[in-house]
Amino acid sequence: MVQTIPASKVDLYILEEKFGLTEIETPDFFPEWQGELPELKDLEKQELIQVKANYRYLVKRPMLEQIVKMVVLSPLLKIAGFYQEPFYLTAEKQVTITSEDEGTIVSGKIDIFVSVPAFWILAIEAKRVDFSLHVGIPQLLTYMLGSTELEYPAFGFVTNGYDFKFLKLIKQETPGYATSNSFTLEDGEELFTVARILKHLARVVSQ
């Protein structure tokens, strides 16, 4: 009997047992979030400072996912250059993955999907402010596993508006993934770093 699971209900155990996903802990697997990163312009820094101020004002009331996307995520994507050529953005993209034995199907919609023609680039999942990133990571990995591209890695970005984390996944014979450190909006320098990593990813995948 085929088991169908919503992506929002998936955990890492299911991804490991049913889809063979493994975590890779070697530092050289995910160098894209570390090392030399592009610098931000003064105007970009000022925009991020305003993002932090907007967040601190609005978080006094419940911030749902749509507000997180508008207030925090949208400026970051703009600064990184994802609204320009050669990138395409799709919202609420349907993704379905099936286990090798075809006994388990996971289906759901990714919040934001950034691509260039022919292969996946960046899958983005936004959560409510009161959600831990750990809730979004299995869901994000599910969407990344849905990529049909085997040659290029898939990158992921999950945020609740306050915390941020990057992911990288390769499929090939055995799918493997790694995560970056966590960053927070409260630390202004860390918010700058998040924007710089996104800029770097944009450069990497557009080359």
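**View A. A nonpolar patch on the surface draws on α2 and α3, each of which supplies at least two of its residues.** In this predicted model, Tyr57, Leu58, Leu64, Ile67 and Met70 make up the patch, which covers about 500 Å². Look for Leu64 in the loop between α2 and α3. Leu64 is partly exposed, because its relative accessible area is 46%, and the partly exposed class runs between 20% and 50%.

**View B. Here we move inside, to the largest nonpolar core, with its 41 residues.** Leu76, Phe157, Phe164 and Phe166 have the most contacts inside this core. At least two core residues come from each of α2 (42–58), α3 (65–80), β4 (104–116), β5 (119–126), β6 (154–159), β7 (163–170) and α5 (188–206). The top contributor is α5, which gives nine residues. Another core, apart from this one, has 21 residues, including Ile14, Leu21, Val106 and Ile137. As a handy reminder, nonpolar side chains in soluble globular proteins tend to be buried together.

**View C. Acidic residues gather in a negative surface patch formed by Asp11, Glu16, Glu17, Glu23 and Glu25.** Glu25 sits in the loop between β2 (22–23) and α2. With a relative accessible area of 69%, Glu25 counts as exposed, since that class starts over 50%.

**View D. A cis peptide bond links Glu85 to Pro86.** Its omega is near 10 degrees. To find this spot, follow the loop between α3 and β3 (88–98), where Pro86 lies. For context, most peptide bonds are trans.

Notes: Residues numbered from 1 in each chain as written. Predicted model: local features only at pLDDT ≥ 70, side-chain atom pairs only at ≥ 80, totals over all residues. Heavy atoms only, no water. Core = buried A, V, L, I, M, F, W, Y, C linked by side-chain atoms within 4.5 Å. Buried < 20%, exposed > 50% of the residue type's maximum accessible area, 1.4 Å probe, protein only. Helix = DSSP H or I, 4+ residues; strand = E, 2+ residues; numbered from the N terminus. Patch = residues over 30% accessible without salt bridge, like charges linked within 9 Å, V, L, I, M, F, W, Y side chains within 5 Å. Areas by Shrake-Rupley, 256 points an atom, 1.4 Å probe, with all protein chains shown as cover. Salt bridge = Lys/Arg side-chain N within 4 Å of Asp/Glu carboxyl O. Lys, Arg positive; Asp, Glu negative; His and termini not counted. Charge placed at Lys NZ, Arg CZ, Asp CG, Glu CD.
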